[in-house]
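Q: Please take a close look at one part of this structure. Pick one strand, and show me what surrounds it.

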Amino acid sequence: MSYDRTVRLVGADFDAAVTAVRQALADQGFGILTEIDVKATLKAKLGHDMEDYLILGACNPPLAHRALEADRSIGLLLPCNVVVRRDGDHTLVQALDPGTMVTLTGLDALKPVADEATARLDAALTALAAT
């Protein structure tokens, strides 16, 4: 089972890609609630060097509200994680497939929320791929 939606940005500078991802998500109604710089964290805590790797916790408040109304425990799967990471000379942008919420919970009431979140995330990813 695939649980991600991914686009590869060829030749994109990492910082420029992060800026573009933030804008593409904002254009689809997502704000960034959390940000984890995995590269910096692993370097500081473990002395481990790795490629640029950023996890953005994206939230669309109306969608989150609808999901929480359907299942209070769905907060375990929120916010929508979006990863921006280097992969050789490319930058990958990966979003957790919102359909995973339905698959994991088995709750049909979450399907409309997951479908709308998928459409919005796909629009953001498509916009990024077009740049």
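A: What follows is a walk around strand E4, from its place in the sheet to its surroundings.

The model is a predicted one. Strand E4 spans residues 80–87. Start with the sheet. Five strands make up an open sheet, in the order E1-E5-E4-E3-E2. Their pairing is antiparallel. E4 therefore sits between E5 and E3 in that order. The edges belong to strand E1 (4–10) and strand E2 (31–37), each of which pairs on one side only. From one strand to the next, the twist averages 20 degrees.

Now take the two neighbours of E4 in turn. On one side is strand E5, residues 90–96. E4 and E5 pair in the antiparallel sense, over six bridges. Val84 has Val93 of E5 as its bridge partner. Arg85 has Leu92 of E5. The two strands form a hairpin, with two residues between them. Gly88 lies in that turn and has a positive phi of about 70 degrees. Most residues other than glycine have a negative phi.

On the other side is strand E3, residues 53–59. E3 and E4 are joined by six bridges and run antiparallel. In this pair, Ile55 stands opposite Val83 of E4.

How covered is E4? Mostly: six of its eight residues are buried. Look closely at one residue of this strand, Val84. Val84 counts as buried because its relative accessible area is 0%, and the cut-off is under 20%. What does Val84 touch, leaving aside residues up to four places away in sequence? Its contacts are Phe14, Ala17, Val18, Val21, Asp52, Tyr53, Leu54, Leu56, Thr91 and Leu92. Among them, Tyr53, Leu54 and Leu56 fall within E3 (53–59). Thr91 and Leu92 fall within E5 (90–96). Phe14, Ala17, Val18 and Val21 fall within helix H1 (14–27). One more distance shows how the chain folds back: the C-alpha atoms of Val84 and Thr19 are 65 residues apart along the chain, yet separated by 10 Å.

These contacts lead to the core. In soluble globular proteins, nonpolar side chains tend to be buried together. The largest nonpolar core here has 22 residues. Leu9, Val21, Leu25, Val82, Val84, Val93 and Leu128 touch the most other members. At least two residues each come from E1, H1, E3, E4, E5 and helix H5. H1 gives the largest share, with six residues. A second core, separate from this one, has nine residues, including Leu63, Ala67, Val113 and Ala114.

H5 covers residues 111–129. H5 lies across E1 and E5, and runs at about 10 degrees to E1.

Next, look at what comes before E4 in the chain. Pro79 lies in the loop between helix H3 and E4. A cis peptide bond joins Leu78 to Pro79, with omega at about -5 degrees. Most peptide bonds are trans.

On the far side of that loop is H3, residues 61–70. In H3, Leu63, Ala64 and Ala67 are buried. These three lie on the same side of H3, because they cover an arc of only 100 degrees around the axis. An α-helix has 3.6 residues a turn, so residues three or four places apart point the same way. Pro61, Pro62 and Glu69, on the other side of H3, are exposed. The buried residues of H3 are covered by parts that include E3 and H5.

Last come the cysteines. The whole structure holds zero disulfides. The sulfur of Cys59 has that of Cys80 as its nearest cysteine sulfur, 7.4 Å away. Cys80 is likewise in no disulfide, and its nearest cysteine sulfur is that of Cys59. The two are not bonded, because a disulfide needs sulfur atoms within 2.5 Å. Cys59 is buried, with a relative accessible area of 15%. Cys80 also counts as buried, at 15% relative accessibility.

To sum up, E4 pairs with E5 over six bridges. Six bridges also join E3 to E4. Six of the eight E4 residues are buried. Val82 and Val84 are among the core residues that touch the most other members.

Definitions and conventions
Residues are numbered from 1 along each chain as its sequence is written. This is a predicted model: local features need pLDDT of at least 70, side-chain atom pairs count only at pLDDT 80 or more; totals for chains, interfaces and linings use all residues. Side-chain values use heavy atoms; hydrogens and water are left out. Buried means under 20% relative accessible area, exposed over 50%, partly exposed in between (1.4 Å probe, protein chains only). Helices (H or I, at least four residues) and strands (E, at least two) are DSSP runs, numbered from the N terminus. The arc is that of the directions from the helix axis to the C-beta atoms. Contact means heavy atoms within 4.5 Å. Axes are lines fitted to C-alpha atoms, for helices over the stretch in contact, and angles run from 0 to 180 degrees between N-to-C directions. A nonpolar core is a set of buried Ala, Val, Leu, Ile, Met, Phe, Trp, Tyr and Cys residues joined through side-chain atoms within 4.5 Å.
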